[in-house]
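Open the model in your viewer and keep the selection box at hand. Each stop below tells you what to pick and what to look for.

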Amino acid sequence: MTNVTRRNLLKLAGGAAIGFMASPMPWRLTDELAIWTQNWSWIPVPPKGEVTTRMTACSLCPSGCAVQARCIGGLPVSLRAPAGSAALCSLGLTGHHLPYHPARLLAPVRVTERADALHTNPVRLGEVVTETAAAIAAAKAGLGTVAVLDMRPGRSISWAWRSLLSGLPGGAVIAGPGREGASLATLERMLAIESGSLGLDFEHARTIVSFGAPLADGWGSPRTLQRLLGGSRGNVRLIHVDPLRSPTAEIADRWLPARPGTEAVLALGLAHVLIAENLVDRAAAAKAVDFERYSLLVSRVTAEKAAAVTGIAADAIIATAREIARAMPAVVLAGEDAGGGRFGRAAETAILGLNLILGNAGKGGGFLARPDLPAPFDSASLAPVQDLDQLPDRSVALLLIDASAGDAAFPWRVVERKLIAKGGLVVALSPFFAGTARHANLIVPAPTFLEAMFELPAGFDAPAATLGISAPLIAAREGGADPASFVRAVAAASRIDLPGAWARSEDLIKARVARIHRVGRGSVMSIADGAEKPLAAVATPDALLEALMGGAKWEDAPSPSVQSMKTMLLGDAAGELERISTCATAPKQSPQYPLTLLPRAPRDATASAVVSPVITKLYRESVLRRSPETAVLNPATARELRLRAGRKASLETAAGAIGVTIATSGSVMPGAVEIAVSPGAIALGDMHTAVKMEILEICAIDESGGWRQSAARLVEA
Amino acid sequence: MLGIGLFAIGLCLIKGLNQTNMDNRFAFGLWIFLDLTVIALGAGAFFTGFLLYILRRDELRAVINSAVVLGFICYSGAILVLMVDVGQPLRAWFTFWHPNVHSMLTEVTFCITCYLAVLAIEYAPIVLRNRQLRKVPSFLVFEFELHKVMPVLAAVGTFLSFFHQGSLGGLYGVLQGRPFAYRDGFAIWPSTFFLFILSAIATGPAFVLVTTWAVSKISSKRLVQPSVYRILAMVSGWLLVTYVGFKGIDTLVWLNRTVPRTGAIPAQFYAWQPFGTWVLFAEIVLFGLVPALILIAGARRRSFALQLTGSLLACAGVALNRFVMTIQTLAVPTLKFEPFMLYWPSWQEVATFLAVAAYGVILYSLSFRYLKLFPHERDLQQY
Amino acid sequence: MKSSANSGAIIKRRFGLVIDLDRCNGCGACATACAVENNVPPAFPEVNERTGLTWMRVYRAENGRTFPDSRTVYFPISCQHCGHDTPCVSVCPQNAVDINPQTGVVSQIPERCLGCRYCMAACPYHARYFNWFDPTWPAGMEKTLNPDVSVRMRGVVEKCNLCHSRWQVAKAKAAAAGKQDLDPADYTTACAEACPAKAIVLGDLDDRNSEASRAAKSPNAFRLLAKLGTDPKIYYRSNREWVRRLGDADVAQIESEASRG
Ligand SMILES: Nc1nc2c(c(=O)[nH]1)N[C@H]1C(S)=C(S)[C@@H](COP(=O)(O)OP(=O)(O)OC[C@H]3O[C@@H](n4cnc5c(=O)[nH]c(N)nc54)[C@H](O)[C@@H]3O)O[C@H]1N2
Ligand SMILES: Nc1nc2c(c(=O)[nH]1)N[C@H]1C(S)=C(S)[C@@H](COP(=O)(O)OP(=O)(O)OC[C@H]3O[C@@H](n4cnc5c(=O)[nH]c(N)nc54)[C@H](O)[C@@H]3O)O[C@H]1N2
Ligand code: SF4
Ligand code: SF4
Ligand code: SF4
Ligand code: SF4
Ligand code: SF4
Ligand SMILES: [Mo]
């Protein structure tokens with residue numbers, strides 16, 4: 001045995017080290033470590049399975065685009081537009097992510113407020129039904145009225161709501177405020193249309209006069225935009241009125257940057273030129289019961305006067321009027337903005353009145369009358385569908401919010417002021433604890449896109465009624481509740497008889513499809529092969545349903561023209577318009593709030609309460625879309641206010657203040673502050689980020705319930 | 001400091017580089033800038049070796065041990081930081097396995113690894129001269145053998161070092177996509193290859209001077225003869241003059257020939273505050289020509305104060321140059337419609353570097369305490 | 001193994017995109033579709049426009065004039081698939097980037113990437129993105145990932161690969177049908193497919209009959225930072241002069257190419 005000496009030990013250590021280096025061990029170890037870095041257990045693994053293609057349609061906004069889903073093991077991994085169909089927007093492209101959104105609700109919840117933040121506690125569905133029925137009883141006992149805020153009116157569940165409400169005090173269905181196409185209700189009133197609704201015939205229009213309609217940011221069917229942008233624009237001209245050099249202004253043939261709030265004057269100025277130069281459709285104009293008064297009113301607003309108010313040169317106003325008259329048919333739109341909402345009543349009336357004097361109402365390439373879709377079942381009476389501002393303030397004791405098929409952005413105050421001061425109840429149906437549903441006391445978890453059958457009635461800009469169905473591709477999540485079943489349960493608990501034999505949403509949709517089949521009018525467009533066949537050739541209601549579930553769309557026969565004998569050019573806005581026409585001056589800014597706040601949004605930012613977290617590519621990982629905390633100013637305005645881009649500031653209105661970061665752009669009118677109403681932290685999937693005051697909550701609300709512009713100021717933080 | 005730094009390093013390794021303030025534009029940040037600076041200053045080691053063993057300037061034997069230890073600290077520290085800086089340190093060896101011979105970074109990696117090995121071997125005899133270790137006979141033999149090959153090692157080290165100092169410069173000079181950094185060159189090497197070598201060997205001795213002075217101040221001991229400082233200052237001064245000359249020519253060629261060819265406009269590089277033309281002036285004159293003249297004057301007039309001032313300015317100059325090449329290159333926009341950007345390091349970045357600095361100080365102090373870093377130290381104490 | 005499958009006798013292609021800036025309205029659908037197709041993860045709240053992962057990124061640029069004369073253009077920018085001395089390929093120390101000789105596509109091999117980010121410093125188009133974070137999707141959302149594309153890991157660089165997996169599928173389809181070359185109709189990129197304005201066209205730039213090669217030779221086509229000599233395979237076109245100037249188009253080069261082509 002050798003002695004253990006220090007030297008031997010050192011030798012041993014050295015030898016071991018050399019031996020270790022010479023062995024495969026270290027090399028294998030480094031290799032394994034490197035491979036380990038490629039296979040971290042926390043890296044998600046994509047699914048495996050058979051690849052299939054399935055058809056459905058997007059239910060995330062009223063456009064209802066056809067969708068071809070690539071599925072693995074039956075579950076969609078990507079969505080695209082089928083060949084020949086309009087391309088999907090970012091919201092639609094990522095719609096298959098929504099069932100997994102972190103804000104997804106899988107149980108009914110009660111919303112509580114604790115220390116500035118909202119929390120949810122699970123409750124049983126039965127409790128929600130009982131409390132809702134109790135609120136109905138309280139309303140009947142005189143506490144207030146019952147209303148439903150319907151974010152997607154026109155579905156068969158909307159019919160079910162109207163049935164439920166028909167016997168209740170003040171029962172009314174309120175179409176979601178600020179939604180696209182809402183201004184058509186104003187035109188319907190001007191045309192005195194009793195039943196059905198108006199549709200837009202973009203396809204045959206030669207001129208589109210858009211007062212603020214953000215056509216390039218998702219307004220109306222994507223097909224319209226694709227026609228304006230694509231190679232097939234042909235001779236259609238776009239005239240756009242907007243205080244911002246927006247994407248729509250960028251594609252317009254003529255852009256009129258009227259000062260915000262002067263749109264009514266611009267419309268009256270255009271009408272003045274049209275009448276003075278005898279460019280109106282005399283016969284159509286003569287139908288207006290108040291044409292004399294209108295002419296007199298308009299005669300006061302000369303091009304020069306309009307120019308002084310709007311900031312648009314008089315020759316430009318005259319040239320525009322002539323241009324419109326030269327390229328008929330033309331549609332004139334009072335476009336809602338997905339963030340900024342509607343123009344006020346007066347502006348909408350003045351703008352849409354141009355359609356009446358140009359004779360665009362009821363003509364191809366203008367506005368067409370559309371019979372409503374048949375109701376799923378017959379009913380003796382239905383509650384009316386109204387605009388929010390038709391409801392008295394502080395009247396609603398029970399508000400039901402149907403956000404099961406989508407949402408919209410509006411200041412909650414416009415709804416809140418309709419609620420009774422104390423003791424009222426707000427119940428929402430929504431797949432998410434986000435968007436409007438956050439203002440409810442109780443939320444019923446509705447299924448989301450791809451989890452259930454959704455009905456897709458025609459968008460407001462379709463010339464004829466259509467119906468599509470968004471077929472489910474994913475099994476409904478455990479814990480969800482069907483909206484129609486909820487209506488049934490509430491009715492049963494309140495001892496209200498509902499017409500028809502149905503239990504679930506599908507029953508209602510199937511019943512409506514059967515009705516359409518029975519009427520037998522129109523045709524069915526297949527997406528797969530683009531073939532159109534008359535509805536009469538579809539043998540059974542089931543065959544029709546199957547076709548619609550496979551992505552086909554039913555389209556009604558071409559509409560008859562509007563047969564209004566008596567129309568109104570001023571209607572209920574006569575007083576306001578008189579005032580505007582007599583004392584119109586350029587809008588004066590208050591010294592305290594010298595800026596004009598303009599909230600704006602593309603539709604794909606607000607049509608759904610949440611968006612796919614991947615949409616951070618547009619909002620957070622790039623500056624393509626502004627975050628809701630960015631205030632954009634004209635560089636000159638920023639200089640005047642000594643605010644440099646990148647600085648933090650407080651954006652203040654009479655209603656409140658939010659923190660913003662300053663950005664500058666030459667596309668913003670001097671004196672204006674553009675701010676995006678875009679997905680906040682929760683909508684993007686961050687459930688742990690503190691909820692901030694949202695921009696719409698500080699917007700001023702005008703007489704007709706709009707929030708399109710507010711007086712504001714910026715103070716450096 | 002070491003503790004906080006190790007914590008920061010842990011955060012970066014476990015949570016990832018999101019702990020830093022680097023981003024897709026500032027793909028390189030504080031770490032790369034300081035790594036390059038430290039490596040340039042660490043050139044004192046090989047260049048002193050070169051002067052001593054190859055050019056036979058025997059006076060420099062007084063600082064060679066200290067220079068080698070400094071070099072070792074600089075290089076090992078830089079590599080430590082690099083291992084935190086890369087996203088996948090466990091794959092670092094792929095460079096040896098799948099090398100791309102066209103990449104300057106491959107050259108840098110190979111040379112620095114080899115040179116660190118050389119420095120370790122050069123460090124060995126200094127360690128072995130420790131009195132305790134001297135008691136082991138085989139170590140004595142080993143040390144003696146090493147001693148014989150020292151000039152060879154110095155030659156190898158010199159070659160490797162020249163090469164990787166150059167490659168570090170080449171790293172930027174080859175970036176044809178970054179007109180601010182891109183340089184014309186000779187053969188396969190852009191001019192920055194040579195400029196980095198020159199600036200490193202010019203400031204290396206200055207750095208040895210500064211550290212020797214600092215150690216002597218802290219320990220209150222005289223460590224070397226004034227003549228050693230003078231030689232270092234003289235060498236540094238003249239090399240710096242040469243560097244400034246070439247840098248001046250290079251800048252003119254770059255501004256008038258290279259940049260216009262890439263479609264960029266030189267004035268745009270300096271249009272973004274705070275990177276105005278003052279940077280160019282500071283780099284070439286304030287921290288280039290000025291210290292060079294001060295060093296030479298200091299050496300001539302035997303003014304240590306001037307030698308020290310010049311050395312400090314020279315070291316600052318090389319740092320500024322590495323800063324400009326790393327940070328300004330990335331800050332200046334290439335596409336006309338993208339913004340100019342700035343970046344501030346996160347505390348994790350700063351702490352990581354401070355930890356490595358602390359490691360350097362500790363290793364140096366231990367070496368100073370236990371090893372004979374300055375052979376003349378004992379003799380000089382008698383005066 | 002995979003590359004041997006790739007190396008059948010196949011016609012050499014030079015794939016590229018031609019992007020019509022006069023059609024693009026900045027909707028961002030291309031960026032969204034790319035992320036879905038290529039399993040690019042969403043961003044944490046701490047992520048910003050400087051640390052995100054956007055293989056396709058749409059930049060907004062203005063003409064520099066003030067209201068009402070200001071005009072906006074959107075530049076959708078992916079990897080430009082540089083063909084000459086490809087900056088990112090030449091600098092990568094461990095061959096984690098290469099050019100596929102069959103397609104001209106510059107591809108990233110994340111499994112080999114060290115994460116040194118030298119390639120990012122080299123790329124003048126900022127087309128490369130580093131995984132600063134672990135890729136994370138909300139629970140359950142991994143069921144929506146594309147099985148044809150591997151998820152990358154934290155600490156590596158990634159970028160557009162012209163939808164490499166789609167090319168592979170198209171090639172496999174051709175091979176299954178016993179064909180030598182893929183049918184151009186079977187291969188399109190997710191961004192081109194998603195664009196509502198049909199502003200993006202994919203095609204073989206060497207194939208005289210492809211729509212892309214014709215568009216790339218049109219008089220107003222240009223390439224970004226053309227003078228750098230990176231020879232990108234992404235072309236842009238615009239009838240607006242200020243837009244071409246913003247893209248730093250080398251007009252002389254365009255003309256000489258037009259006369260050659
Ligand atoms: N969801 C899912 N994940 C899987 C699998 C699965 O079936 N489903 N299969 C697993 C299996 S078995 C495997 S082998 C792996 C494969 O996974 P990967 O190795 O990631 O396969 P690819 O993405 O096909 O190709 C890798 C890279 O090689 C590049 N490349 C292409 N051609 C060349 C070339 O000629 N040279 C070089 N150097 N690079 C080239 C591509 O651009 C790509 O970046 O995926 C594994 N992961
Ligand atoms: N077009 C195209 N072709 C390719 C490739 C490509 O990228 N494109 N990649 C190639 C490559 S790299 C590879 S590795 C191959 C992979 O090709 P395959 O080896 O065919 O791999 P998988 O498709 O994963 O099929 C493996 C089968 O094993 C079954 N299985 C799973 N677990 C078990 C088990 O525990 N026991 C048993 N007995 N069976 C089990 C699965 O259900 C599945 O049916 O494909 C190659 N072919
Ligand atoms: S959200 Fe609307 S526009 Fe977008 S894809 Fe869906 S239906 Fe079409
Ligand atoms: S654009 Fe950038 S990433 Fe793409 S090939 Fe060129 S240098 Fe490489
Ligand atoms: S980051 Fe990856 S791909 Fe880029 S140079 Fe380094 S190793 Fe190569
Ligand atoms: S080609 Fe494919 S990978 Fe590249 S940007 Fe387009 S979608 Fe993304
Ligand atoms: S999808 Fe088309 S229109 Fe939209 S941003 Fe991309 S390139 Fe532009
Ligand atoms: Mo494999």
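Select Lys198(C) first. This is a predicted model. Lys198(C) sits in the loop that links helix H6 (190-194) to strand E8 (200-204) of chain C. Check its backbone: phi is near 50°, a positive value in a residue that is not glycine. Is Lys198(C) buried or exposed? Its relative accessible area is 58%. That is over the 50% cut-off, so Lys198(C) counts as exposed.

Stay in chain C and pick Leu162(C). Here too phi is positive, about 55°, and the residue is not a glycine. Leu162(C) belongs to the loop between strand E7 (157-158) and helix H5 (164-176). Its relative accessibility is 2%. Buried means under 20%, so Leu162(C) counts as buried.

**Ligand 7**

Now select ligand 7 and show what surrounds it. The residues around it include Cys24(C), Cys27(C), Cys30(C) and Cys195(C). Add Asn25(C), Gly26(C), Gly28(C) and Ala29(C) from the same shell. Pro76(C), Pro196(C) and Ile200(C) are also there. Colour the shell by class: eight residues are nonpolar, three are polar and none is charged.

**Ligand 3**

Move to ligand 3. Its surroundings in chain A include Cys58(A), Cys61(A), Cys65(A) and Cys89(A). Leu60(A), Leu88(A) and Leu91(A) are also around the ligand. So are Ser63(A), Gly64(A), Gly92(A), Pro222(A) and Arg603(A). How many residues of each class make up this shell? Eight are nonpolar, three are polar and one is charged.

**Two cis peptide bonds**

Stay in chain A and zoom to Met328(A) and Pro329(A). The peptide bond joining them is cis, with omega about -5°. Pro329(A) lies in the loop from helix H13 (314-326) to strand E12 (330-334).

Switch to chain B and find Gln273(B) and Pro274(B). The bond from Gln273(B) to Pro274(B) is cis as well, with omega near 5°. Where is Pro274(B)? Look in the loop between helix H10 (266-269) and helix H11 (278-300) of chain B.

**Chain B as a whole**

Zoom out and show chain B as a cartoon. It has 14 helices and two strands. Its radius of gyration is 21 Å, close to the 21 Å that the globule rule gives for 383 residues, so chain B is as compact as a globular protein of that length. The C-alpha trace spans about 70 × 50 × 40 Å along its principal axes.

Colour chain B by accessibility. Of its 383 residues, 59% count as buried. Then switch on the surface. Chain B exposes about 15600 Å², and carbon and sulfur atoms supply 72% of that area. Next, look at its contacts with a separation of 6 or more: residues 24 or more positions apart account for 78% of them.

**Where chain C meets its partners**

Show chain B with chain C. 51 residues of chain B are in contact with 51 residues of chain C. The area buried between the two is about 4100 Å², with 54% of it from carbon and sulfur atoms. On the chain B side, pick Asn24(B), Gln176(B) and Phe337(B). These lose the most area to chain C, together 19% of what that side buries.

Finish with chain A against chain C. Here 60 residues of chain A are in contact with 63 residues of chain C. The two chains bury about 5000 Å² between them, 61% of it on carbon and sulfur atoms. Which residues of chain A lose the most area to chain C? Select Tyr100(A), Glu621(A) and Leu624(A): together they give 13% of what that side buries.

Key: Residues numbered from 1 in each chain as written. Chains lettered and ligands numbered in written order. Predicted model: local features only at pLDDT ≥ 70, side-chain atom pairs only at ≥ 80, totals over all residues. Heavy atoms only, no water. Near = heavy atom within 4 Å. Nonpolar A, V, L, I, M, F, W, Y, C, P; charged D, E, K, R; others polar. Helix = DSSP H or I, 4+ residues; strand = E, 2+ residues; numbered from the N terminus. Rg over C-alpha atoms; globule rule 2.2 N^0.38 Å. Buried < 20%, exposed > 50% of the residue type's maximum accessible area, 1.4 Å probe, protein only. Contact = heavy atoms within 4.5 Å. Areas by Shrake-Rupley, 256 points an atom, 1.4 Å probe, with all protein chains shown as cover. Buried area = accessible area lost by both parts, 1.4 Å probe.
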